[in-house]
Amino acid sequence: MEPVDAVRLNAAVMAVGQVRDRQAFQELFDHFAPRVKGYLMRLGAGNAVAEDLAQEALLTVWRKAALFDPAKASASTWIFTIARNLRIDAIRKERRPDLDPNDPALLPQAERGADEGMYWAAAEGRLKVALAELPREQAKIIELSFLAEKPHSTIASELGLPLGTVKSRIRLAMARLRLALGDGV
Amino acid sequence: MTITHHPGEELLLSYASGAADEGVALLVASHVALCAQCRLMVAGAEAAGGSVLANVPPVALNHNAYQSILARLDAPAAEIVRGANLVGNVPAPLQAYIGSDYDLVPWRHIVDGLSTYPLPTKGGTRARLIRAAPGAGVAVHTHRGEEWTLVLTGSFSDATGNYRPGDVQSTTPALEHRPTADPGPVCINLAVTDAPLVFRGLLPKIVGKIFGF
């Protein structure tokens, strides 16, 4: 995604949050709904479930846009967490009809301090660069962690690697991301 | 609060990606509520998720999807809560399960100084609170799988070191240990295991079986 694109998408979420801008919402819908659906289908959701959750995710964007803070995360990161939580919610409903409405995964993250938020805004750009520059075998593991969402032991056996190798690649990749985030981490 | 033992990065990643099951998610979320450093790592991993989302091949929605969403935009939504007003010293994610006061948990007595409360989590792991008076501890055991223990109050020690509030001890199957609460405040832990513990000795084995360790 081009940086200018990310800035425009952030601004669109802000416009929805502040003035209920429907044109901005349509832009977000057109951009993100097919990606959320694609992401969910990559995780193994059927077409109908992915369609429903993608619609639900964008409806959540409309309802919670006022909580979006571009100093803390980009629009795509924020919408990723919405899609992730809706999916966790849906899976747990399947397995447990008496779902606890206070599921911890649905609670808002603890607030970051203002300093941390500003710090984070600067760090996210560096992080994206670091992600793009990860060695292929580390990037593959990170991507599989999100797109296959399998236990690391399963990823290991599918790639024909020892579990220890998968774990050490995760550690190496996360260490690089940590470096990109700066010394404060 | 000085936290010196953090969850492994693969655990933070599995939480951020959504792959972690309920017990692990509860433990990581509770640690992250207490630990600014890991909060930043989780935010970093979530940004990786945002990047994955930005680059995933899009799949078109039904042709009338936008229209059907439009029809729902004006429906009154549940009120948005901006960060709950939390009281007490129970981390927010755990409050959803037990409320805000450890004294009100329906503890199940195991032996003198030691009690437990199993948490109703689903998935492949089991989560429980363990409450140990100073000097009390869980009998010598090894593990069939992994065990993660988050200290909530007090502190405990075993041969590997000393664990204080916010610390997460991660053990591998090989480790045989007898974690024991240190002198001072009562030690309350959140323990998550992905396989039953293996106790040494007949009595601990029976007790472990009864209490589902």
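In this predicted model, 47 residues of chain B are in contact with 62 residues of chain A. On the chain B side, five helices, α1 (9–17), α2 (22–34), α3 (36–55), α4 (65–70) and α5 (92–98), each supply at least two residues to the surface that touches chain A. The greatest share comes from α3(B), which gives 15 residues. By class, this side of chain B comprises 29 nonpolar, 10 polar and eight charged residues.

Chain B as a whole has six helices and 11 strands. Its C-alpha trace spans about 65 × 35 × 35 Å along the principal axes. Of the 213 residues in chain B, 44% are buried. Among contacts in chain B with a separation of 6 or more, 68% are between residues 24 or more positions apart.

Two strand pairings of chain B are set out below.

| Strand pair | Sense | Bridges | Opposed residues |
|---|---|---|---|
| β1 (108–111) and β2 (114–118) of chain B | antiparallel | three | B:His109 and B:Ser115 |
| β6 (156–158) and β9 (180–181) of chain B | antiparallel | two | B:Phe156 and B:Ala181 |

The strands β1(B) and β2(B) form a hairpin with two residues between them. Within that turn, B:Gly113 has a positive phi of about 85 degrees.

The pairing of β6(B) with β9(B) belongs to an open sheet of three strands, in the order β7-β6-β9 (chain B), with antiparallel pairing. Strands β7 (161–163) and β9 (180–181) of chain B stand at the edges and have a single partner strand each, so one side of each is left without a neighbour in the sheet. In general, strands of a sheet pair through backbone hydrogen bonds, in either the parallel or the antiparallel sense.

In chain A, helix α2 (residues 22–42) packs against helix α3 (residues 47–64) at an angle of about 140 degrees, and the two axes are 9 Å apart. That angle makes α2(A) oblique to α3(A), because only angles over 145 degrees count as roughly antiparallel. The crossing of α2(A) past α3(A) is right-handed. Residues of α2(A) in this contact include A:Phe25, A:Phe29, A:Phe32 and A:Lys37, while those of α3(A) include A:Glu51, A:Leu53, A:Leu58 and A:Trp62. Taken by class, the contact of α2(A) with α3(A) has 15 nonpolar, no polar and two charged residues.

Key: Residues numbered from 1 in each chain as written. Chains lettered and ligands numbered in written order. Predicted model: local features only at pLDDT ≥ 70, side-chain atom pairs only at ≥ 80, totals over all residues. Helix = DSSP H or I, 4+ residues; strand = E, 2+ residues; numbered from the N terminus. Buried ≥ 20, exposed ≤ 12 C-beta atoms within 10 Å, placed from the backbone. Contact = placed C-beta atoms within 7 Å. Pairing = 2+ DSSP bridges. Nonpolar A, V, L, I, M, F, W, Y, C, P; charged D, E, K, R; others polar. Axes fitted to C-alpha atoms, helices over the stretch in contact; angles between N-to-C directions. Parallel < 35°, antiparallel > 145°, perpendicular 65-115°, else oblique. Left-handed = near helix turned anticlockwise from the far one by under 90°.
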